[in-house]
Amino acid sequence: MHSRVSRVFAAAVWAVTCCSAGAVSAHAQSVEVDTRFGMGGGWASAETLNNNIGVVADVLLAISTTSWNSGVLAASLGGQTGGPYDTICRLAKDGGSMPEFPSIGYLSVLAGIDEGGAGRYTAGLAFSPQAGIGIQTRYDRRWGRGIGALFGVNGMAFHSFYGEPIVLVSIGVGILIR
């Protein structure tokens, strides 16, 4: 399972890099790379409410399609892992124990609006090896040119995390390079 997840993420990173390089050279007015760390949580049915708070990290590549205060395309690669957990086995539907929750990785492709370089609203599709296809929306507030700071809020929903619908939310701070 872990090797398959690694191959999926490696392929996704390669695809995002290749597609982004083409878009940057063809039409981009500005390119930004954000790295964000923070706290996140997740909610599903009672079966997985064991450890719903944890650490979140992601990297986002954003490409403005025209100039400031315009459209933006972005790709994000990230993950969320559960916090401290107990040794009680919560039974899964398949009879085994539920994994540490909400440990999940994702790759997303987003589109949205850049508010003059300060705020950015994006939404799009997310893919997770653990949960399949879902939706993601995020807001990033940014300060500074060159190397700056950001505060971000993120929300995702997936139809099936180990057979159950799941909603993930996170907040975090980070650095950006424009």
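The following exercises, with worked solutions, concern a predicted model of a protein chain.

**Exercise 1.** Determine how many helices and strands the protein chain has, and in what pattern they occur.

*Solution.* The secondary structure amounts to 1 helix and 8 strands. Following the sequence, the pattern reads α-β-β-β-β-β-β-β-β. Contacts can then be considered: among those with a separation of 6 or more, 59% join residues 24 or more positions apart.

**Exercise 2.** Identify the aromatic pair in the structure and classify its geometry.

*Solution.* A search of the whole structure yields 1 aromatic pair. The partners are Tyr 121 and Tyr 139, with ring centres 4.6 Å apart and an angle of 40° between the planes. Stacked rings require under 30 degrees and edge-to-face rings over 60, so the remaining class, tilted, applies. Tyr 121 belongs to strand 5 (residues 119-128) and Tyr 139 to strand 6 (residues 132-143), a spacing of 18 residues.

**Exercise 3.** Decide whether Tyr 121 and Tyr 139 are buried, partly exposed or exposed.

*Solution.* The buried class lies under 20% relative accessible area and the exposed class over 50%. Tyr 121 has 44% relative accessibility and therefore counts as partly exposed. Tyr 139, at 22%, is likewise partly exposed.

**Exercise 4.** Locate the largest nonpolar core and state which strand gives the most to it.

*Solution.* The largest nonpolar core has 9 residues, among them Ile 104, Met 156, Phe 158, Phe 161 and Leu 168. At least two residues each come from strand 4 (104-115), strand 7 (147-161) and strand 8 (164-177). Strand 7 gives the most, with 3 residues. A second, separate core of 5 residues includes Leu 60, Val 72, Ala 74 and Leu 110.

Notes:
Residues are numbered from 1 along each chain as its sequence is written. This is a predicted model: local features need pLDDT of at least 70, side-chain atom pairs count only at pLDDT 80 or more; totals for chains, interfaces and linings use all residues. Side-chain values use heavy atoms; hydrogens and water are left out. Rings of Phe, Tyr and Trp (its six-membered ring) pair if their centres lie within 6.5 Å; planes under 30 degrees apart count as stacked, over 60 as edge-to-face and the rest as tilted. Helices (H or I, at least four residues) and strands (E, at least two) are DSSP runs, numbered from the N terminus. Buried means under 20% relative accessible area, exposed over 50%, partly exposed in between (1.4 Å probe, protein chains only). A nonpolar core is a set of buried Ala, Val, Leu, Ile, Met, Phe, Trp, Tyr and Cys residues joined through side-chain atoms within 4.5 Å. Contact means heavy atoms within 4.5 Å.
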